[in-house]
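The following exercises concern a protein model with a bound ligand. Each task is followed by a solution in steps.

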Amino acid sequence: AAQTMEQLVSLCKRRGFIFPGSAVYGGLQGTYDYGPLGVELKNNLKLAWWRANVWEREDMEGIDAAILMNKLTWRYSGHEETFVDPMVDCKNCKMRWRADQISGKCPNCASTELTEPRPFNLMFKTQIGPVPDPESFSYLRPETAQGIFVNFKHVLDSTSRKLPFGIAQIGKAFRNEITPRNFIFRVREFEQMEIEFFVRPGEDEAWHKKWVEDRINWWLSVGLSRQNLEPYHQKPEELAHYAKATVDLLYRFPHGLEELEGIANRTDYDLGSHSKDQGALGLKARVSPNSHSTDKLTYFDPETKQHVVPFVIEPSAGVDRGVLALLSEAYAEEQVKPAPAERLKPVEEALATFLKSVSRNEKIPAQAKEALLAEGERIAQAVGERLPSIAGLLSMPGAESIEVAKKLRGQVDPVVDEFYRTVLHFKPHLAPIKVAVLPLKKNNPEIVSTAKGIRRKLQSTGSMRVVYDDTGAIGKLYRRQDEIGTPFCITVDFDTLGEGQDTALKNTVTVRHRDSMAQERVAISELETYLREKMQS
Ligand code: ATP
């Protein structure tokens, strides 16, 4: 797993998983763009969730509701009034912070002179329509859940579902976070995968428990390990006002143990809040009187012949936090063979010179300098094990302004190439690219056309992303695919053409496995079946 966030940030940028948003204009804090590999990884994660929670269950429907909703939604959901974080200002450097995320001290300048916390609403307000009427506004949704609640009746009527059943949705959500940080962990625009699972009152506690188990198992199925995943039962005083009980699934991210998903028992609060005739519904939750809703969000129970307002269990996961967890879990820097001391020595010296130069440099801002030195020290303590991390170190803010950085890179690159690899051990179904087809010689037309033909054929099965790559020597190409988590590489060589020593190898290729680096010979005609089988794991 990754030891530091820098390792992931650097790899993500270098290889095209995730870029800082709007970079050519100096960026926009709290936004990130998914690159060519990031979009594949994210799509695979969402697809795995949708498969498990919609297709493979018999009690679920999916929807995709609008991001913009009538502003009354946010009044009756309680967000206008209560979707706030406590904000403090530093009187010294004027930075703003979320009071519950700092411990009485400004993280920027260490001053303890802070204002009293005041509530700050996290919703983005936006004008609707061309007329500048002060009433024509709404908010970008801060969660996808409300789109499900207001569609409860539509889904019920159009599908004739019986309780218990759920509605699932994946989509964007926006929060004007006071201090976005920790890469894609806390951002202002993100995606959620949410389920609202409707049950009979009284059956809610058992279903809540079941959902916590199901969700843990699902995260394990995408490759997170049990020891990095921790269910946390919120204490009564921590519960949101609508929740009867909440279990957070915490994940050991590089920056600490933090929430990946929340699973709440929201009782009949939401459906009750958005209903008309609330007084006649026998609600258990305390809701604000609703004078605008045009419908009763109830379920007619055919057994008891009564209208009931179902209770709701809500498993709500962040897609971006999921992607971060997958990357972190999958990340490894491995020694392919031991590097001899005489090759490490010059690297150690160049690293020491680099760090000295960083600590003397007065142009690097204090925070960036501190981060650089901390990461540098971590690597310096065991260069032999952590050498590949130097690439990350050199791409951190401030590093580029150091003259001796180039020298350090020059020392590191050849040693890394020869003795190390960085690898992402993704489960195959999540890997952005499943197979890379590589020609042993890119100037041999027959090898190239055979390789391209294999790529086309595998791609045409429609079940996996397959790429062709001839931009380097074979060893380098393997390392590059390791680094982006491609589980299989296929190499076409002279044996494939029947021009090698062993003519029995004609029409076979080498399949190289990412994790074990083992190689096997497989007939081209059997490749598809072979890969499909291996991909299951
Ligand atoms: P936190 O306490 O970390 O701010 P939260 O408890 O407010 O999170 P929920 O309202 O429960 O979060 O949202 C459900 C899920 O949405 C979270 O578990 C998280 O995965 C994701 N999420 C919430 N806020 C953000 C954000 N700013 N950036 C990325 N993901 C987020």
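**Exercise 1.** How many residues surround the ligand, and which are the closest?

*Solution.* The model is a predicted one. Counting residues with a heavy atom within 4 Å of the ligand gives a shell of 16 residues. The closest are E177, R186, V187, E259 and L260.

**Exercise 2.** Classify the shell around the ligand by residue class, and determine which strands contribute to it.

*Solution.* Step 1: by class, the shell divides into seven charged, five nonpolar and four polar residues. Step 2: at least two residues of the shell come from each of β10 (189–199), β13 (256–267) and β16 (311–318). Step 3: β13 gives the most, with four residues.

**Exercise 3.** Identify polar contacts of the ligand, using a cut-off of 3.5 Å between N or O atoms, and state how far the protein buries the ligand.

*Solution.* Step 1: consider the nitrogen atoms of the ligand. A polar side-chain atom of E177 lies 2.7 Å from a ligand nitrogen atom, and a backbone N or O atom of V187 is 2.8 Å from a nitrogen atom of the ligand. Step 2: consider oxygen. A polar side-chain atom of E259 is found 2.7 Å from an oxygen atom of the ligand. Step 3: taken alone, the ligand exposes 600 Å², of which the protein buries 82%. Step 4: as to location, the ligand sits in the second largest pocket.

**Exercise 4.** How many aromatic pairs does the model contain, and why does the pair of F152 and F198 tie together parts that are apart in sequence?

*Solution.* Step 1: with ring centres required to lie within 6.5 Å, the count comes to 12 aromatic pairs. Step 2: a pair of aromatic rings is described by the distance of the centres and the angle of the planes. For F152 and F198 these values are 4.7 Å centre to centre and 55 degrees between the planes, and the pair is tilted. Step 3: F152 belongs to helix α6 (residues 152–159) and F198 to strand β10, so the pair links parts that are 46 residues apart in sequence.

**Exercise 5.** Examine the backbone geometry at P164 and F183, and place both residues in the fold.

*Solution.* Step 1: most residues other than glycine have a negative phi, and most peptide bonds are trans. Step 2: the peptide bond from L163 to P164 is cis, with omega near -10 degrees. P164 is in the loop between α6 and β9 (165–174). Step 3: F183, although not a glycine, has a positive phi of about 60 degrees. F183 is placed in the loop between β9 and β10.

Definitions and conventions
Residues numbered from 1 in each chain as written. Predicted model: local features only at pLDDT ≥ 70, side-chain atom pairs only at ≥ 80, totals over all residues. Heavy atoms only, no water. Polar contact = N/O pair within 3.5 Å; in protein donor to acceptor, adjacent residues only side chain to side chain. Areas by Shrake-Rupley, 256 points an atom, 1.4 Å probe, with all protein chains shown as cover. 1 Å grid on protein atoms, 1.4 Å probe; cavity = no way out; pocket = protein on both sides within 12 Å on 5 of 7 lines; lining within 4 Å. Sits in = over half its atoms within 2 Å of the grid points. Nonpolar A, V, L, I, M, F, W, Y, C, P; charged D, E, K, R; others polar. Phe/Tyr/Trp six-rings, centres within 6.5 Å; stacked < 30°, edge-to-face > 60°.
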